[in-house]
Structure formats: structure tokens, C-alpha cells
Amino acid sequence: MKKRFIPLMLAAAFCLPTLALAEDAVSSASVANFYADYALTGDDLMNAINSTAGFYLVSTTNPDGSPNAAYFIFGMTKLNDQYYLQLGLAENQSKANLTENGQGVAVYAATPSNEEGAKPFAVSGARILFQSVTDESVVEELSKNAHPGAMFFEVTEVRPLG
């Protein structure tokens, strides 16, 4: 084997697991919902997210197609029976990605309970697929109760954590 192919093979070996994990989070590769019984949806999910207790993650896609994951607390609001994520972002890669392509995946996991018999790890929560709100009247209405500069995204799908 020629030496010039070794760096390419090493790069592929290190990148494939990352790419597979990133794709699995939103693709049809996730065919089993192992924690469906613990999934949060609707108002229960919104109230849990807005409690600011738990684990928060937002994943976007960088311009080169690689995954970007960032930990920050986001909010959820409801308007006309539709749920929206509210994100307040500094000038960073996540904001640039969302400005560019307008979509991502947010993950919320509730803090595990200390109750006897409870699972010792977070299984209650959801993976939330979202996209930019393009209707300016909706953005205007959502902005009335938000911090200046907040970004809003329509929730397009809610799935269990795993």
C-alpha cells in the first residue's frame, strides 16, 4: 500500500463513527424507539424544557457537512397549537449554521429522578427536529415575550431519546 493512502484511511476511520452518529440522530436509521415510554411530548415537553432543569443540546450542520453540537439552554413556546423553539445565541458557529440552513436537532433530557426504582440515567425527554420560522407575522408574535435577538424555529417532529 502506498504511503499517501494511509492518512486518507486514518481520516476515514476516525470520521465514520462521528458521521454515523450524526446521521442516526435524525435519519431512518433509528428504527427502534427504546425509550418511547419515557418520551415527553406536547405541553409536558414544553414545561420540562422551560424548567431549565435537565440536559440540553443543539445540533446543526457546518458548511462542510460535518456535525456541530453545542450545549446551551433553549426554550419552547406554543402559538396557535404549534410549538416553537426559542434560541438566544451569541455570534458562534451554531448561529451561523442556523442562519445559513435554518434547521437542526435539539435534544432535551430530564434530570434523572432520585426516587427508588428510577432509572439512574436520563431517558425521559425528546429529540426535537426544527426549522426556521419564515412567516414574519409569527416571528413578530413570538417576539413579544422574548429577549431581543431571539431566534425562533418551528418544531417539525418530536422523537424519543433513543
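## A buried lysine and its partner

At 17% relative accessibility, lysine 95 counts as buried, because the cut-off for that label is under 20%. Keep in mind as you look around that this is a predicted model. Lysine 95 forms a salt bridge with glutamate 91, and the closest N and O atoms of the pair are 2.9 Å apart. Glutamate 91 has 71% relative accessibility and therefore counts as exposed, so this salt bridge links a buried residue to an exposed one.

## Other salt bridges

The count of salt bridges comes to four, and two further ones are worth a visit. Glutamate 141 pairs with lysine 144, with 3.1 Å between the closest N and O atoms. Here glutamate 141 is partly exposed at 37% relative accessibility, while lysine 144 is exposed at 56%.

The pair of arginine 159 and glutamate 157 also makes a salt bridge, its closest N and O atoms lying 3.7 Å apart. Arginine 159 has a relative accessible area of 12%, which means that this residue is buried. Glutamate 157 is partly exposed, with a relative accessible area of 36%.

## The chain as a whole

Let us step back to the overall fold. The chain holds four helices and seven strands. Read from the N terminus, the elements follow the order α-α-β-β-β-β-α-β-β-α-β.

Of the 162 residues in the chain, 33% are buried. The exposed area is about 10200 Å², and carbon and sulfur atoms supply 54% of it. Among contacts between residues at least 6 apart in sequence, 69% join residues at least 24 apart.

## The sheet

How are the seven strands ordered in the sheet? They form an open sheet that runs β2-β1-β5-β6-β7-β4-β3, with antiparallel pairing. At the edges are β2 (67-70) and β3 (75-79), each of which pairs on one side only. From one strand to the next, the twist averages 35°.

Several of the pairings can be followed bridge by bridge. Seven bridges join β5 to β6 in the antiparallel sense, and valine 107 has arginine 127 in β6 as its bridge partner. Moving along, β6 and β7 are antiparallel and share six bridges; in this part of the sheet, phenylalanine 130 stands opposite valine 155 in β7. Four bridges then connect β7 with β4, again antiparallel, and glutamine 86 has phenylalanine 152 of β7 as its bridge partner.

## Helices on the sheet

Two helices deserve a look against this sheet. Helix α3 (residues 93-101) packs on the sheet and touches β1, β2, β5, β6 and β7; its direction makes about 55° with that of β1. Helix α4 (residues 136-143) packs on the sheet as well, touching β3, β4 and β7, and its direction makes about 115° with that of β3.

Serine 94 offers a handy viewpoint within helix α3. At 4% relative accessibility, serine 94 counts as buried. Leaving out residues up to four places away in sequence, serine 94 touches Thr60, Asn68, Ala70, Phe72 and Leu89. Serine 94 also lies 8.2 Å from threonine 61, C-alpha to C-alpha, although 33 residues separate the two in sequence.

## The nonpolar cores

Which residues have the most contacts inside the largest nonpolar core? They are Phe74, Met76, Leu85, Tyr108 and Ile128, in a core of 25 residues. The elements that each supply at least two residues of this core are α2 (42-50), β1 (55-61), β4 (82-87), β5 (103-109), β6 (125-132) and β7 (151-159). The largest share, four residues, comes from α2.

Another core, of seven residues, lies apart from the largest one; among its members are Val138, Leu142, Ala146 and Phe152. Phe152 has appeared before, as the bridge partner of glutamine 86.

Definitions and conventions. Residues numbered from 1 in each chain as written. Predicted model: local features only at pLDDT ≥ 70, side-chain atom pairs only at ≥ 80, totals over all residues. Heavy atoms only, no water. Salt bridge = Lys/Arg side-chain N within 4 Å of Asp/Glu carboxyl O. Buried < 20%, exposed > 50% of the residue type's maximum accessible area, 1.4 Å probe, protein only. Contact = heavy atoms within 4.5 Å. Areas by Shrake-Rupley, 256 points an atom, 1.4 Å probe, with all protein chains shown as cover. Core = buried A, V, L, I, M, F, W, Y, C linked by side-chain atoms within 4.5 Å. Pairing = 2+ DSSP bridges. Axes fitted to C-alpha atoms, helices over the stretch in contact; angles between N-to-C directions.
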